[in-house]
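Me: Can you take me through the contacts in this one? I'd like the cut-offs along with the counts.

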Amino acid sequence: MTPTLSRIEQAKAERCGLDLAAELPALAAGGWENLDEDDLTIRLKWLGIFFRPVTPGRFMVRLRLPNGVIQADQLEVLAEAVDRCGSDGSADITTRQNLQLRGLLLEDMAPLLQAMEAVGLTSRQSGHDNPRNITGNPLAGIDPEEIVDTRPLVAAIQTRLLAADAPRNLPRKFNIAVGGAPDSFLLHNDLAYLPALRDGQPGFTVMVGGFFSAQRNALAIPLHLWLRAEQLPGFSLAVLRHFERSGNRQARNKSRLMYLVEALGLDGYRDAVLAEFSTLGGEAFPHDGHHLVTRAPRSALGVNAQSQPGLHWVGLGVPMGRLDAAGMAELAQLARRHGSGELRLTEAQNVLIVDVPEAAMPDLLAEPLLQRFSPEPGALMAEAVSCTGSRYCSFALIPTKTTAQSVVEELERRLELPHPVRTHWTGCPNACGQPYMGEIGLMGAKARHEGQMVEAAKVFVGGDMGSDPRLAELHDKGVPLSQLADALEELLVVRFGARRR
Amino acid sequence: MISPPAPIQPQDGVSHRRPARVDAHPAAAGVPTQPRRSDLTVDLAEPGSERRWQQLQQLRRGLVDADAWLQALADGSLAPEPDLLAALIPGLDRSRVEALLASELAAEPGLLVKAALPDWPARAVQPACREAWLEPLLHHVAVADSVHQLGWLPLLGLFREAKVARLLRETVHRHLTAEAAWGLLPLLGLQRQPQDGALLVRLAVEPGPLQRRHQALEGLALGLSAWPQAVLVPGLSALVTDLDPAVAAKAVDLLARLPVGAVALRQGLTRALDPEILARVQRRLRCSPLVLLVHGRHGGHIPDELQQLAADVAARRGAPVLLQALTAAQSTPDPEVWPAARRARALTLVPLLLLPGGHVRSDLPRLASQWQVATRAQGVALRRRPFLGAWPAWQAALAQALARRQELDQRRALWLHHPLQGALARRFVGHLSAVLGCPAVSTPYESPLRGLADQPLERTLLLPLTLAANRLSETLDLELQSATMAQDQPEVLPPLLGWTDLRRFLLTTLVQLP
């Protein structure tokens, strides 16, 4: 007997959200409250448009920025869109090297999508049950330590997965990443390609099943397959087609890829994917799963020599990844004025200006914007990653970004740290801020304090993205936010070698 | 018809006194996938615990029966904590909503409204939530006193419904000075009833508490496409010059979203605006760079008046303005011209030439095709305007200014031009003479008075038709100074950019070009 489809599955089956694109002007004229509920909360996400219950009438748009690469002209278009929203507008750099714009009216969508298309940007299939923005080495093509340039690979995978014959109705969201350097930590993705050798030949070993959620957190495991670079798009398509057909559509909390891998067994899953791949004419090779990723990600901040002689990238710390229109426009100007006009976004929610000649460096470093987005932020601010928080997300139990920023600033006033410490802040157990990846992870919670329910944070410690990766474990089940700086101060002194000023 | 709310009754087997326990689902066990009856007792886990979060998620998703929880709240065995209420409220059906609204928990709106509000916008668009809540809540609010009404309306106002809109409208009218009512203005906007546009515009524009004006403006934003343009555009245009920068900025951004808003914003460019607001208007309009083709002097020199005009136009438009003299080789555009043209997707060519002489007939097409090639290479459109002298608005402005001057001085006027070739030019001169109401005289640059030999010059105003000083106007001045004439010597009028009205006309027109 065919199981009854859930409401979400019914909505997806009835109509593809991409079909709404042509109707956007009419939908805007009618007002968002007149939208069919499934269109509003589900299907619009196929266009990258998100209804936000916390800001009714003010929508979010999530882009697709393959490998986190964006050009100045493109950033200016997005800055303009945010600027139109006045004090309601902002943009967040996400943990998938992406941007999401907030504060937009439904009326803004049709012209924005048109303006984005004109400069080569898309927000297509960036939300809900789709292959999300594909990440790669943020230093691809400029990295002195580069193993392989991930940009063309990421672009080719995206092109293949957004083609007309690719799946548009996955059982759940799907994260893909391509590693290109010794510090490409990607095991939190459903499908990760890590650079690896086979018989001395460069290629990629395939890792599957990584994800974080409220119920379970898992790092990706080796599928024991090896691919040549040009096989990645086809193999990705095969994985998605199999997932589309075989993934769990009955229980959304058990529908990420790892559950399918477990249901079929690793060998069974591999055989099924290989069979799918062979229908596309592909053939993968056995592999022991060893790869060339050997250490935790670099911060990429500050002035760094590129692989091209005489050129540098300058990594700027964006506090909690939050941008405003003026900051975006100014970043675009700086990239054009001092570099090649290209910028990169990192998974640590920071931004890089690339291709800066040696001679242009003093002028760039003297730019006023670098007072806000410092190339040398404090040891905590540099590595602080945060989810959106309760300002925009109804799941979040605390205002994550503002809390993180104020606590980090306070700790940097109090402490000297011998090295950067990566803190990951998330507002709820859904773990969008990846708290289990942080050396210190913080998760929004409620706790009783002096007889009152107050906003609090659970503290996790020990996440490691190095050669022996592991997830952070619970250290404290609920520190009231008012005491969080004190608790973290103690933790940093005892566990991370911090010295009080 | 609204059914009388039923009191919350214990369900079968539910004991009021039994300590509550609830099926807890540890993280490892995952969340159950099928709805089921609860275990008839509730045992909400400690605040902040993973288990509590999961319990509430189950409740929120309708995976457990709400009755036991409602009962526990009703009998007081469970405290009405906000996170519990927030999870419980959206999934209730109509009979449970009616029961809840009839219970002590709903005696005052504060607790339930605070708990429900964060999720309410997403829930209120769901048919099931609307079916469950709209009528019972309308009934509940209708019989509440005015203070409690105000408290419930943030929930009720998110249902788009004519009856709700009327209630919001009446409440806003009744409590115009009450701070608590100002938050209803965005909700009134969400209702998108065209008749409310005027009220929202009025409250945004008229002097009053700033917070109320902001809320009215947000109401206009949220219902933007619903308001009559005849009310909305003048209101927003007025707000562009508001003393509060946030109000002015938002008005600019809203105007920019309207089909006719660009026209209003371009008019704004010529008003006295706060510099930040002017910059915002410029960003919204993305004016194209202008190339002003001018006559120029010897060696391509461009008179100061024209340079100042170009600078003023550029400052107002927020886009580069390039002056190109006919007498000079094609200039290299300012490095800012092409990026600005790409942003505007166009570059606009405006010949500031007054007569259809050889320059307009021969040089202009040649220069325009050079710009056509350059713009095509840059991937932007070339917008061409007719030569200035042909603009009916310019001719009218010139005629008006000249008539005013003739009336003031009680003198007749002659307008002077250099000799022109061809039938087209002759027809144009005849047309312009008719528009200006005074005759034209063709006269050579090197000796203007020679061309005027046949004219009676007493009590005459001589108008050399030129924007800035040129050989004709300068030579005429010199010749008149050296000529010995009787009294009532003719007066030479200054070049046209020296006339306040005409300069203002030109500045305004150029600033407002797309």
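Reply: What follows covers the domains, the aromatic pairs and the chain interface.

Reply: This is a predicted model, where local features need pLDDT of at least 70 and side-chain atom pairs count only at pLDDT 80 or more, while totals for chains, interfaces and linings use all residues. Residues are numbered from 1 along each chain as its sequence is written, chains are lettered from A and ligands numbered from 1 in the order in which they are written, and side-chain values use heavy atoms, with hydrogens and water left out.

Me: How is chain A divided into domains?

Reply: Domain 1 of chain A is 151–286 and domain 2 is 382–500, with bounds from an automatic or database domain assignment. Their C-alpha centres lie 31 Å apart. Nine residues from domain 1 and 11 residues from domain 2 make the contact (heavy atoms within 4.5 Å).

Me: What area is buried between domain 1 and domain 2 of chain A?

Reply: About 830 Å², with carbon and sulfur atoms giving 77%. Buried area is the accessible area (1.4 Å probe) that two parts lose on being put together, summed over both. On the domain 1 side, Phe185(A), Phe212(A) and Asn217(A) lose the most area to domain 2, together 57% of what that side buries.

Me: And how many salt bridges across that domain interface?

Reply: Zero, taking a salt bridge as a side-chain nitrogen of Lys or Arg within 4 Å of a carboxyl oxygen of Asp or Glu.

Me: Switching topic, how many aromatic pairs are there over all chains?

Reply: There are 14, counting rings of Phe, Tyr and Trp (its six-membered ring) with centres within 6.5 Å; planes under 30 degrees apart are stacked, over 60 edge-to-face and the rest tilted. Tyr436(A) and Phe460(A) make an edge-to-face pair, 5.2 Å centre to centre with 75 degrees between the planes.

Me: Why does that pair tie together parts 24 residues apart in sequence?

Reply: Because Tyr436(A) is in the loop between β20 (423–426) and β21 (440–449) of chain A, whereas Phe460(A) is in strand β22 (residues 452–461) of chain A. Strands (E, at least two residues) are DSSP runs, as are helices (H or I, at least four), numbered from the N terminus.

Me: Now chain A against chain B: how many residues are in contact?

Reply: 45 residues of chain A contact 39 residues of chain B. The two chains bury about 3,500 Å² between them, 47% of it on carbon and sulfur atoms.

Me: How many salt bridges across chain A and chain B?

Reply: Nine. One joins Arg58(A) to Glu218(B), the closest N and O atoms being 2.9 Å apart.
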